[in-house]
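Biologist: Before we discuss this structure, could you take me through how each label you use follows from a value and its cut-off?

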Amino acid sequence: MPRSFYFDHQATTPVDPRVLEAMLPYLKDRFGNAASKSHRFGFEAAAAVKHAREQVARAFGCDPLEVVFTSGSTEGINLGLKGLAALAGDGRKHFITAPTEHPAVLDTLAFLESKGFEVTRLGVDSEGSIDPEELRASITDRTLAIALMAANNEIGTRHPLAEIGAICADRGVTFFCDATQGVGKFDFDVRREGIHLASFSGHKLYAPKGVGALYVRRSNPRVDIEPLFHGGGHEHGYRSGTLAVPSIVALGKACELALDDLAAESARLTRQRERLKAILVSGLDEVTFHGHPEFRLPGNLSVAFRYVEGEALMSDLDDVALSSGSACNSASAEPSHVLAAIGLDPAMAHSTLRFGIGRSTTDEEIEIVGARVVESVQRLREMSPLYELAKRRTGDDH
Ligand code: PLP
């Protein structure tokens, strides 16, 4: 098989072999239903879920009773935001968010808007950061919740969660955090950050697709949400449906592994990202890096190669798995909403590629991929009349 390079870890991650090993028995002999209270199969499954709940709680920084297993972040986001909205009194019908959030948040809030809620979308600067003072000023007596993410999946910028949490506490507003790119990626703690609801997905953290968790705060203050699914009353009534035991076991193991190695992995990813950046900068002119330079997701590098179409570059690099924006958006040819929100014109947005470095990325891969990208961009630019023209212009200026 020809060698290929996976640089798309913000879209999804491979299942860690240790995670697979942990979940396999629950796909084979230990197949019990965690709700079966009358035999060994049920007890085994329930014990495994309990253990996984504790592992996930540690990754959130919460009590195990505050963990609700879901099918993934999109479900957690819908459950959290619609669940809050359903119990909101008439006076509290206002949400605040930012235009760089994931579509799972933006579309859910747009849906609520169509049902009579009001949504304020804060501005972001050219790095994708919000202004906490603008956030504070946007809160009114009608504000129910603020929905802001831990880290952006396209450009990597993190939000100052503790500062946002303090503003929310001060004003008695619920803080919902889409922590899909936060849990297990850097030091994240719902209590310390003052978060009331937070969602993430296993497949961003080396567990399989189709499992995730929602944190629902039980005290100081208790947060209540209305369920989306009704049925057997599983997950404290918040999410009925037979638990996906093997996937939940995998999610727990994935959280444990991520926490065990958090500081070292984050340092390694940062070093590899900076090395990739250095290779691109030394080999090419006209490259622009997006997102905050330091307060960011370690394994993400979003970069525009001016005068080169991202799609053309991706086809030239056909053995490197990359994304031209959010994976969730890649079916559409529209420039990414995140890149538009940070002020990129459509040409720059279309010249942008996202490199997602992850657990299995080696230093050798960084060198190979970096050199391949430099070579491809140079080749494509040689064929670009716009680049030639720009170069001639810069030459004329000197
Ligand atoms: N939020 C963020 C920041 C994401 O990156 C993603 C996935 O790309 C989601 C939400 C949705 O997660 P899922 O597709 O696993 O439900």
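Modeller: A helix here is a DSSP run of H or I with at least four residues and a strand is a run of E with at least two, both numbered from the N terminus. On that footing Pro221 lies in the loop between β8 (212-216) and α8, and I should say at once that the model is a predicted one.

Biologist: What makes the peptide bond from Asn220 to Pro221 worth a remark?

Modeller: Its omega is near -5°, and the bond is cis.

Biologist: Where is His236 found, and why is it called buried, exposed or partly exposed?

Modeller: His236 is likewise found in the loop between β8 and α8. Buried requires a relative accessible area under 20% and exposed one over 50%; His236 stands at 34%, so it counts as partly exposed. Its phi is near 55°, which is a positive value in a residue other than glycine.

Biologist: How do you know which class of exposure Tyr307 belongs to?

Modeller: The reasoning is the one just used: at 23% relative accessibility Tyr307 falls between the two limits, and therefore counts as partly exposed. Tyr307 lies in the loop between β10 (300-305) and α10 (310-316), and although it is not a glycine, it has a positive phi of about 75°.

Biologist: Why is Asp8 assigned to its class, buried or exposed?

Modeller: The relative accessibility of Asp8 is 12%, which is under the 20% limit, so Asp8 counts as buried. Asp8 sits in the loop between β1 (5-6) and α1 (17-23), and, leaving aside neighbours within four places in sequence, it is in contact with Ala321, Leu322, Ser323, Arg354 and Gly356.

Biologist: And what makes Gly76 buried or exposed?

Modeller: Gly76, which has its place in helix α3 (residues 73-86), has a relative accessibility of 0%, and since that is under 20% it counts as buried. Not counting residues up to four places away in sequence, Gly76 touches Thr70, Phe176, Ser199 and Leu214. Gly76 and Ser201 are 125 residues apart in sequence, yet their C-alpha atoms are 8.7 Å apart in space.

Biologist: Why are α9 and α13 given their label, parallel or antiparallel?

Modeller: The axes of α9 (residues 262-283) and α13 (residues 363-382) come within 9 Å and cross at roughly 25°; an angle under 35 degrees counts as roughly parallel, and therefore these two helices are called roughly parallel to each other. Their crossing is right-handed. Among the residues that make the contact are Leu276 and Ile279 of α9 and Ile366 and Val373 of α13, and the residues of this contact divide into seven nonpolar, four polar and four charged.

Biologist: Which hand does the crossing of α2 with α8 have?

Modeller: α2 passes α8 in a left-handed crossing, their axes coming within 8 Å and crossing at roughly 35°. Residues of α2 including Ala45, Val49 and Val56 meet residues of α8 including Ile248, Leu251 and Leu259; by class, the contact has twelve nonpolar, two polar and three charged residues.

Biologist: How many helices and strands are there, and why is the protein described as compact?

Modeller: The protein has 14 helices and twelve strands. Its radius of gyration is 22 Å, close to the 21 Å that the globule rule gives for 398 residues, so the protein is as compact as a globular protein of that length. Buried residues make up 55% of the 398 residues, and of the contacts with a separation of 6 or more, 73% are between residues 24 or more positions apart.

Technical notes. Residues numbered from 1 in each chain as written. Predicted model: local features only at pLDDT ≥ 70, side-chain atom pairs only at ≥ 80, totals over all residues. Heavy atoms only, no water. Buried < 20%, exposed > 50% of the residue type's maximum accessible area, 1.4 Å probe, protein only. Contact = heavy atoms within 4.5 Å. Axes fitted to C-alpha atoms, helices over the stretch in contact; angles between N-to-C directions. Parallel < 35°, antiparallel > 145°, perpendicular 65-115°, else oblique. Left-handed = near helix turned anticlockwise from the far one by under 90°. Nonpolar A, V, L, I, M, F, W, Y, C, P; charged D, E, K, R; others polar. Rg over C-alpha atoms; globule rule 2.2 N^0.38 Å.
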